[in-house]
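Me: I'd like to learn how to read features in a protein model. Could you walk me through some, one at a time?

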Amino acid sequence: MHEKLIILDFGSQTTQLIGRRVRELNMYCEIVPYNKFPHDATDVKGVILSGSPYSVYDENAFKADLTEIRGKYPVLGICYGAQFLAYTSGGNVEPANSREYGRANLSHIDGEDELLKGIHVGSQIWMSHGDTITVLPDKFKVIASTDDVRAAAYHVEGEQTWGVQFHPEVFHSTDGTKLLDNFLNICGCAKDWTSASFIESTVAELKEQLGDDKVILALSGGVDSSVTAVLLNKAIGKNLTCIFVDHGLLRKNEFENVMRDYEHLGLNVIGVNAKDKFYKELAGVTEPEK
């Protein structure tokens, strides 16, 4: 099994983007809910904690137990992730005077720090947070600042644990990919994974698991189920039967167009017209969520 990086998702809208950047650096990663760390996995090289729409001191904030993670793996907290590490170690996180949103520049950088190798003063970063770390816990050492944010990045001394208050995964952080690459190097990642190798190994795994089993797959017309269908089709061919239901709430002509696309992909698809059933059940309902 290939080595992997785990991204704990605290609900940020850019979590998928962190995953994309890591994969672009030829490292396989998996995004899992903040409280579902795969403790039994043997091939984890490091952990990234994502941002979040919450404040760390909110009652509803997503809280993860990091005791089994910190010290065992290299950890990088991004935005909320950085605040969460500081807050749960005895630091203070408070609402900033003004919401810090948009481009900023690093005015101080600790050039000796492994995470910031090759990143220079003046480097543009992207901030998007309403809180700021006002007191860092003991052993948390500032390694980068902007004019407005003292703890733009920190390292926990004696631990392979870092936090960055900005978002290295977004395009506006000009050295963000470099920072993520530095983190992968800290983790000792081989960085030899490609999406093509993922397809190959996934198809091989499916063949082995499924043997001559017959599989039914429900299709939505969307990306996820369609990709699943193509991978399964490569693995088991005619043993796969896909079902695509027209519930009458698709876009105009979407059912016909998608069915045609599926047939071009060589999938064995059954199209079901269930419009009338859905219309009957939904008679009089105008509230979209309902």
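Me: Let's start with Thr 132: is it buried or exposed?

Reply: Keep in mind that this is a predicted model. A residue counts as buried when its relative accessible area is under 20%. Thr 132 has a relative accessible area of 15%, so it is buried. You will find Thr 132 in strand E7.

Me: Which residues is Thr 132 in contact with, leaving aside its neighbours within four places in sequence?

Reply: Thr 132 is in contact with Gln 83, Asn 92, Val 93, Glu 94, Ala 96, Glu 100 and Val 149.

Me: Next, salt bridges. What should I look for, and how many are there?

Reply: Look for a side-chain nitrogen of Lys or Arg within 4 Å of a carboxyl oxygen of Asp or Glu. By this rule, the count is ten salt bridges. One of them joins Asp 43 and Lys 4, whose closest N and O atoms are 3.9 Å apart. Asp 43 sits in the loop between strand E2 (29–33) and strand E3 (44–49), while Lys 4 belongs to strand E1 (residues 4–9), so the pair ties together parts that are 39 residues apart in sequence.

Me: Are Asp 43 and Lys 4 buried or exposed?

Reply: Asp 43 is buried, and Lys 4 is buried too. These two residues also belong to a network of salt bridges that links Lys 4, Glu 30 and Asp 43.

Me: What about the salt bridge between Glu 24 and Arg 21: where do its two residues lie?

Reply: Glu 24 and Arg 21 are both in helix H1 (residues 15–24), and because they are three residues apart there, about one helical turn separates them. The closest N and O atoms of this salt bridge are 3.0 Å apart. Now try the accessibility step on each partner. Arg 21 has 15% relative accessibility, so it counts as buried. Glu 24 has 46%, so it counts as partly exposed.

Me: And how would I read the salt bridge of Asp 110 and Lys 141?

Reply: Begin with the distance: their side chains meet at 2.9 Å, N to O. Then look at the places in the chain. Asp 110 is in the loop between strand E6 (108–109) and strand E7 (124–135), and Lys 141 is in strand E8 (residues 140–145); the pair links distant parts of the chain, 31 residues apart. Last comes accessibility. Asp 110 counts as buried because its relative accessibility is 14%, and Lys 141 counts as partly exposed because its value is 34%.

Me: Now for aromatic rings. What describes a pair of them?

Reply: A pair of aromatic rings is described by the distance of the centres and the angle of the planes. This structure holds 14 aromatic pairs. Take Phe 244 and Phe 255: their centres are 5.2 Å apart and their planes make an angle of 20 degrees, so the pair is stacked. The pair links distant parts of the chain, with Phe 244 in strand E12 (residues 240–246) and Phe 255 in helix H6 (residues 254–264), eleven residues apart.

Me: Are Phe 244 and Phe 255 buried or exposed?

Reply: Phe 244 has 1% relative accessibility, so it counts as buried. Phe 255, at 14%, counts as buried as well. Elsewhere, ring pairs link Phe 10, Tyr 34, Tyr 54, Phe 62, Tyr 80 and Phe 84 into a cluster.

Me: Which residues make the nonpolar surface patch?

Reply: The patch is made by Val 245, Leu 249, Ile 270, Val 272, Phe 278, Tyr 279, Leu 282 and Val 285, and its area is about 610 Å². Strand E13 (269–273) and helix H7 (275–281) are the elements that give two or more residues to the patch. Ile 270, for example, is in strand E13. Its relative accessible area is 41%, so Ile 270 is partly exposed.

Me: One last feature: what can I say about phi in Asn 26 and Asn 253?

Reply: Check the sign, and check whether the residue is a glycine. Asn 26 is not a glycine, and its phi is positive, near 65 degrees. Asn 253 is not a glycine either, and its phi is positive at about 65 degrees. Asn 26 is found in the loop between H1 and E2, and Asn 253 in the loop between E12 and H6. With 33% relative accessibility, Asn 26 counts as partly exposed, and Asn 253, with 45%, is partly exposed.

Methods. Residues are numbered from 1 along each chain as its sequence is written. This is a predicted model: local features need pLDDT of at least 70, side-chain atom pairs count only at pLDDT 80 or more; totals for chains, interfaces and linings use all residues. Side-chain values use heavy atoms; hydrogens and water are left out. Patches are made of residues with over 30% relative accessible area and no salt bridge: like charges are joined within 9 Å, nonpolar side chains (Val, Leu, Ile, Met, Phe, Trp, Tyr) within 5 Å. Accessible areas come from the Shrake-Rupley method with a 1.4 Å probe; for residues, only the protein chains shown count as cover. Helices (H or I, at least four residues) and strands (E, at least two) are DSSP runs, numbered from the N terminus. Buried means under 20% relative accessible area, exposed over 50%, partly exposed in between (1.4 Å probe, protein chains only). Rings of Phe, Tyr and Trp (its six-membered ring) pair if their centres lie within 6.5 Å; planes under 30 degrees apart count as stacked, over 60 as edge-to-face and the rest as tilted. Contact means heavy atoms within 4.5 Å.
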